[in-house]
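Biologist: I am new to this structure. Please show me how to read its features, one at a time.

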Amino acid sequence: MQDYYGSEKTIAAQKRLREMHEDIAANPALSNGGRILNILDLEAVGMDTLAEHARLFGFASATAVPIAETRQRLLDHFGEAVDISVWLAILGDADSVLPACRAVVERFAMPDGWTLTHLDCPTDSEIDQIAALSLACEVAPAPVYYIRSEVFPHLTSCLWDDTGALVATAAASQRYHQESRFGDAAFAGGVAVSADRRRMGLGQFINAAVLLESHARFGWSRVLEQARADNAASRGMIRACGLREDLDIGTIAVNLTGEFITR
């Protein structure tokens, strides 16, 4: 089992985030995204500090901000050639999300012999399987310390078929400072479904399952998920779980590594 996943550059960034976690966690304007530093209050942090973080970690993101305005600010600061990635920030409150998720779970016909588990401290073997499925779906795995809830509560929901193979997984974490603008929110994502089990509704089911279980454990009032604007399947899955899009609001990452990054 690896402690970190990715290239040499992205692993170095993950290790820096781990080393600096206590300082990040004490700052309401910041959040440890496991693989990327999340800036929750760009006005408080400022563009110069965002640029400093981007140079230190290779990339940094501004979470749930006005897309057009923030993108232009980044281009003005870094230059037109900078690599910028954008995800829609999709939010939902418990009153809307929980009934929608219950309906998704109730509609799903669990095949005989399949099991659903919710893991806050997976074993080495479970982590290997979670990481392998995530990588196969081009979803970057979180570091092991993150998956094992060593820095804040983190939950991974796993669906296993009758042979014991992992066929779907999703995660949620309570990673935001209580005094931040997301202090009442959980972050959810990392949905991965085995290629040979697609078109069965597993994405919706596992996403709904992790939202329901994380609410039971964390007691969040709101939840944030993210998806690229051109990823219709992910957006539809998230909407089916009661979250609502604002096409003008997104999470924007500056990438100074020259490598592909995910949320």
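Modeller: Start with a cut-off. A residue counts as buried under 20% relative accessible area, and as exposed over 50%. Keep in mind that this is a predicted model.

Biologist: Which residues of helix H4 are buried?

Modeller: Helix H4 spans residues 47-57. Its buried residues are Met 47, Leu 50, Ala 51, His 53, Ala 54 and Phe 57.

Biologist: Where do they sit around the axis of H4?

Modeller: First the general idea. An α-helix has 3.6 residues a turn, so residues three or four places apart point the same way. Now this case. The buried residues cover an arc of only 160 degrees around the axis, so they lie on the same side of H4.

Biologist: Which exposed residues are on the face turned away from the buried side of H4?

Modeller: Asp 48 and Arg 55. Then look just past the end of the helix. Gly 58 follows H4 and takes a positive phi of about 100 degrees.

Biologist: Which residue that is not a glycine has a positive phi of about 60 degrees?

Modeller: Ser 149 does. Its place is the loop between helix H8 (144-147) and strand S6 (154-160). Ser 149 counts as partly exposed because its relative accessibility is 25%. Arg 199 is not a glycine either, and has a positive phi of about 65 degrees. Look for Arg 199 in the loop between strand S8 (185-193) and helix H9 (202-218).

Biologist: Why does Arg 199 count as exposed?

Modeller: Because its relative accessibility is 88%.

Biologist: Now the rings. How many aromatic pairs does a search of the whole structure find?

Modeller: Five. To read a pair, check the angle between the planes: under 30 degrees is stacked, over 60 is edge-to-face, and the rest are tilted. Take Tyr 146 and Phe 152. Their ring centres are 5.0 Å apart and their planes stand at 85 degrees, so this pair is edge-to-face. Both Tyr 146 and Phe 152 are buried. Compare Tyr 176 and Phe 182. Here the centres are 5.4 Å apart and the planes are at 40 degrees, so the pair is tilted. Tyr 176 and Phe 182 are buried too.

Biologist: Which residues form one aromatic cluster?

Modeller: Tyr 4, Tyr 145, Tyr 146 and Phe 152. A charge joins the picture at Tyr 145. The charged end of Arg 18 sits over that ring, 4.9 Å from its centre. Elsewhere, Arg 175 lies over the face of Phe 187, at 3.8 Å from the ring centre.

Biologist: What does Gln 14 touch beyond its neighbours in sequence?

Modeller: Past four places in sequence, Gln 14 is in contact with Tyr 4, Tyr 5, Gly 34, Arg 35, Pro 143 and Tyr 145. Gln 14 belongs to helix H1 (residues 8-19). It counts as buried because its relative accessibility is 0%.

Biologist: And the nonpolar side chains?

Modeller: In soluble globular proteins, nonpolar side chains tend to be buried together. In this model, the largest nonpolar core has 70 residues. Those with the most contacts inside it are Leu 159, Leu 202, Leu 211, Trp 220, Val 223 and Leu 243. H9 gives the most to this core, with seven residues. Another core, of nine residues, lies apart from it, and includes Leu 119, Leu 133, Val 139 and Leu 166.

How values were computed
Residues are numbered from 1 along each chain as its sequence is written. This is a predicted model: local features need pLDDT of at least 70, side-chain atom pairs count only at pLDDT 80 or more; totals for chains, interfaces and linings use all residues. Side-chain values use heavy atoms; hydrogens and water are left out. Helices (H or I, at least four residues) and strands (E, at least two) are DSSP runs, numbered from the N terminus. Buried means under 20% relative accessible area, exposed over 50%, partly exposed in between (1.4 Å probe, protein chains only). Contact means heavy atoms within 4.5 Å. The arc is that of the directions from the helix axis to the C-beta atoms. Rings of Phe, Tyr and Trp (its six-membered ring) pair if their centres lie within 6.5 Å; planes under 30 degrees apart count as stacked, over 60 as edge-to-face and the rest as tilted. A charge sits over a ring if NZ of Lys or CZ of Arg is within 6 Å of the ring centre and within 35 degrees of the ring normal. A nonpolar core is a set of buried Ala, Val, Leu, Ile, Met, Phe, Trp, Tyr and Cys residues joined through side-chain atoms within 4.5 Å.
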